[in-house]
Amino acid sequence: MRLPSLFRRTPFRLTLLFLALFAATASAVLAYVYFASASEARAKATDDVRAEEQVLTAIYRERGRDALNQALVDRTIKGGTYLYLLMDANRQVITGNLTPPFDPMENPPTERWDTFRLTATDADGRVQRRQAMGVEVKLKGGEILFVGQDIGDTERYLDRLTQALWLAMAMVLVLGLTGGLFVSRNVERAMGRLNRVVGAVQDGDLKARAEVRRSGDELDELGQGLNTMLDRLEGSMASIRHAGDAIAHDLRSPLTRMRAKLEVALIDAEAGRIDGVDALQMALSEADDLLKTFNTVLAIARLQAATGSGRTPDPALFDAGELAADMAELYEPAAEDKGLDFSAEVERGLTVEANQPFLAQALANIIDNAIKYTPPGGAVKLRARRRSSGEIEFSVTDTGPGVPEADRERVVQRFVRLDNSRTEAGSGLGLSLVVAVLEAHGGRVQLDEGPGAYDGFGPGLRVALVLPSAAGAA
């Protein structure tokens with residue numbers, strides 16, 4: 001038969017385990033308490049009997065048997081818990097308040113201890129069998145002296161202590177089991193809420209979230225982690241949907257143009273009116289643009305995977321200043337052809353550990369964007385320097401239209417293109433690739449306003465790529 005779900009839960013099983021361990025520990029402690037109490041009580045009775053026996057033996061040794069007999073009579077008359085018996089060498093009773101408790105022995109030892117049952121009558125006339133103990137010693141003249149004590153009260157105390165300890169053990173088990181059921185029920189309810197969220201997500205509801213009680217326990221941490229994961233999952237799904245829409249939007253026109261050109265080239269070639277080589281070259285150019293877009297997407301995916309693993313892809317040590325100088329030399333002619341004032345301010349000895357091709361591509365993207373969106377007559381400046389924090393910074397500043405502050409977080413996302421850039425060729429992946437490169441290298445991208453509006457230009461844009469300096473670099 002299958003047990004109810006409550007009894008199959010891990011918290012309940014752990015409760016049973018800890019309850020068993022606690023019960024074993026409690027049993028050991030309670031057993032120690034019992035045996036320690038019993039030992040203490042019996043040790044005290046033994047010490048009392050021994051002290052009384054020594055007093056009586058001293059009386060016999062100093063004053064003889066008659067004095068001992070008189071002392072026993074006096075003590076018996078006074079009453080108390082002590083038991084006395086004086087016998088001659090033939091074990092005939094001389095005086096005392098009990099019958100001989102020991103069976104005769106051949107060649108009895110000089111001293112022996114024993115416990116026995118004492119028959120007594122309580123205040124109501126009921127006969128009781130009470131526990132007693134004592135010591136029998138052989139005196140110098142051959143007489144036998146027995147001194148004992150009624151320990152029935154001690155035994156009753158120990159019986160009550162035993163009952164109390166058993167009751168305490170039963171309470172420990174009952175309270176522990178009750179607490180385990182209570183804890184298991186609460187954990188089962190909390191886990192049930194989490195399971196319902198997981199089930200809802202499995203059914204396609206990405207809006208479902210776990211309830212966080214703000215108690216700070218591990219269930220809250222699990223709920224917060226689940227909610228964070230679902231937030232990222234929902235964001236990823238939204239990004240995928242947005243990327244799909246953007247790809248469809250940005251690739252539809254090139255694909256349509258390419259198909260139309262191929263169709264026209266085919267018709268004209270069949271009619272013998274034109275040579276199809278030129279049309280095919282234009283179609284190949286369109287195909288190259290499409291391949292470039294997809295290659296950029298793949299590069300971003302590779303960099304994001306590297307970011308998740310914490311490893312920079314194919315790192316190497318090199319001088320970032322030399323890279324910046326090479327990029328300035330490469331793009332200066334293009335800027336001059338457009339009528340832009342291009343300048344570079346580059347420090348040397350900026351050692352970084354990075355993937356040089358990826359970093360070069362990121363730097364090329366921001367320089368190319370600056371040249372592309374800055375109108376003729378404007379200016380573009382490239383700078384490479386070491387910050388006071390030790391970080392390495394590439395920055396490109398232009399006097400173009402810039403990016404509104406409200407759009408700066410959005411513009412670095414994949415396939416996002418602002419309205420004023422739709423007239424320029426591109427896929428909206430340039431800055432996304434830049435961000436992916438910097439994140440894979442443990443750096444960051446900062447977008448700020450440029451030099452401001454002046455003489456029809458501006459306000460411009462300043463894009464900074466900030467990288468950590470190589471370990472051990474000055």
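Which helix contributes the largest share of the negative patch? The answer is helix α7, which spans residues 320-337 and supplies six residues of the patch. The model in which this patch appears is a predicted one, and the description below moves from the chain as a whole to selected sites before returning to the surface.

The chain holds nine helices and 12 strands. Of its 474 residues, 37% are buried. Among contacts in the chain with a separation of 6 or more, 62% are made by residues 24 or more positions apart. The accessible surface of the chain amounts to about 27,800 Å², and carbon and sulfur atoms account for 55% of that area.

A site in the interior can be examined first. Gln149 belongs to strand β5, which covers residues 144-150. Is this residue buried or exposed? Gln149 counts as buried because its relative accessibility is 9%, and the limit for burial is under 20%. Its surroundings, apart from neighbours within four places in sequence, can be listed by residue: Gln149 is in contact with Ala45, Asp48 and Val49, with Thr81, Tyr82 and Leu83, and with Ala132 and Met133.

Asp314 offers a contrasting case. This residue sits in the loop between α6 (276-309) and β6 (316-319). Asp314 has a relative accessible area of 55% and is therefore exposed, the threshold for that class being over 50%. How far apart in space are Asp314 and Glu353? Their C-alpha atoms are separated by 9.6 Å, while the two residues are 39 residues apart in sequence.

The surface also carries a nonpolar patch, formed by Leu14, Leu17, Phe18 and Leu21. Together these residues present about 400 Å² of accessible area. One of them, Leu14, lies in helix α2, which runs over residues 10-63. Leu14 has a relative accessible area of 40%, so this residue is classed as partly exposed; the class lies between the 20% limit for buried residues and the 50% limit for exposed ones.

The negative patch raised at the outset can now be described by its members. Glu322, Asp326, Glu329, Glu332, Glu336, Asp337 and Asp341 form this patch on the surface. Glu336, one of these residues, is placed in helix α7, the element from which the largest share of the patch comes.

Technical notes:
Residues numbered from 1 in each chain as written. Predicted model: local features only at pLDDT ≥ 70, side-chain atom pairs only at ≥ 80, totals over all residues. Heavy atoms only, no water. Patch = residues over 30% accessible without salt bridge, like charges linked within 9 Å, V, L, I, M, F, W, Y side chains within 5 Å. Areas by Shrake-Rupley, 256 points an atom, 1.4 Å probe, with all protein chains shown as cover. Salt bridge = Lys/Arg side-chain N within 4 Å of Asp/Glu carboxyl O. Lys, Arg positive; Asp, Glu negative; His and termini not counted. Charge placed at Lys NZ, Arg CZ, Asp CG, Glu CD. Helix = DSSP H or I, 4+ residues; strand = E, 2+ residues; numbered from the N terminus. Buried < 20%, exposed > 50% of the residue type's maximum accessible area, 1.4 Å probe, protein only. Contact = heavy atoms within 4.5 Å.
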